[in-house]
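Thank you for asking me to look over this model; my notes follow as numbered points, written so that each can be checked by eye. Please keep the sequence and the structure open side by side while you read.

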Amino acid sequence: MQKVIMKLGGMTCPSCLTKIDKAVENVDGTDQIKVLFNAGKLKFVMDSNKTNTDDVKNAIEKMGYEVMGIKEKEIN
């Protein structure tokens, strides 16, 4: 399991938060999803046996938002 933080661009209103949350929720292997609108960040836990950050990044970018940075941390 990995804790992932993504820096996002293009969020202009609180409804963007809901759209991103749903997009990440639909990627198998993601959990504990939290979109921080004011900080422009997305935090979630990822099962690296089921998915990877590229899958999540692609789901976000398909909706027109930009992923400007990714940090991953292994958790037990």
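1. Glutamine 2 is a residue of strand β1, and since what you have here is a predicted model, please read every value in this note as computed from that model. With a relative accessible area of 13%, glutamine 2 is classed as buried, because buried means under 20% relative accessible area. The side chain of glutamine 2 also makes a polar contact, at 3.1 Å, with the side chain of glutamate 72.

2. The partner in that contact, Glu72, leads to the surface, where a patch of negative charge gathers Asp54, Asp55, Glu72 and Glu74. Two elements, α2 (53–62) and β4 (66–74), each supply at least two residues of this negative patch, so a helix and a strand should both be in view when you look for the patch.

3. Aspartate 54, one of the residues of the negative patch, lies in helix α2. Is aspartate 54 buried, partly exposed or exposed? The relative accessibility of aspartate 54 is 48%, and therefore aspartate 54 counts as partly exposed, given that the exposed class begins over 50% and the buried class ends under 20%.

4. Another member of the negative patch, Asp55, has a side chain joined to that of threonine 51 by a polar contact of 3.1 Å. Threonine 51 itself sits in the loop between β3 (41–46) and α2, and with a relative accessibility of 5% threonine 51 counts as buried. A student may find it useful to note that a residue in a loop can be buried, as threonine 51 is here.

5. The surface also carries a positive patch, which is formed by Lys3, Lys7, Lys34, Lys41, Lys43, Lys71 and Lys73. Strands β1 (2–9), β3 and β4 each supply at least two residues of this positive patch, and β4 is also named among the elements that supply the negative patch.

6. Two lysines of the positive patch deserve a separate look. Lysine 73 is found in strand β4 and is exposed, with a relative accessible area of 57%, while lysine 34 is found in strand β2 and is exposed as well, with a relative accessible area of 51%. Because exposed means over 50%, both of these values fall in that class. For lysine 34 there is also a distance to record, since the C-alpha atoms of lysine 34 and lysine 19 are 12 Å apart in space, with their positions 15 residues apart in sequence.

7. Strand β2 (residues 30–36) also holds glutamine 32, and I would ask you to look at the backbone there. The phi angle of glutamine 32 is near 50 degrees, a positive value in a residue other than glycine. Glutamine 32 counts as exposed, at a relative accessibility of 59%.

8. How far apart in space are the C-alpha atoms of asparagine 76 and glutamine 2? They are separated by 8.3 Å, although the two residues are 74 residues apart along the chain. Asparagine 76 lies in the segment after β4 and counts as exposed, with a relative accessibility of 100%, whereas glutamine 2 is buried.

9. A second pair can be set beside that one, namely lysine 62 and lysine 3, which are 59 residues apart in sequence and 22 Å apart in space, C-alpha to C-alpha. Lysine 62 lies in helix α2 and is exposed, with a relative accessible area of 75%.

10. Finally, leucine 8 lies in strand β1 and is buried, with a relative accessible area of 5%. The C-alpha atoms of leucine 8 and leucine 36 are separated by 9.5 Å, and the two leucines are 28 residues apart along the chain.

Note on methods
Residues numbered from 1 in each chain as written. Predicted model: local features only at pLDDT ≥ 70, side-chain atom pairs only at ≥ 80, totals over all residues. Heavy atoms only, no water. Patch = residues over 30% accessible without salt bridge, like charges linked within 9 Å, V, L, I, M, F, W, Y side chains within 5 Å. Areas by Shrake-Rupley, 256 points an atom, 1.4 Å probe, with all protein chains shown as cover. Salt bridge = Lys/Arg side-chain N within 4 Å of Asp/Glu carboxyl O. Lys, Arg positive; Asp, Glu negative; His and termini not counted. Charge placed at Lys NZ, Arg CZ, Asp CG, Glu CD. Helix = DSSP H or I, 4+ residues; strand = E, 2+ residues; numbered from the N terminus. Buried < 20%, exposed > 50% of the residue type's maximum accessible area, 1.4 Å probe, protein only. Polar contact = N/O pair within 3.5 Å; in protein donor to acceptor, adjacent residues only side chain to side chain.
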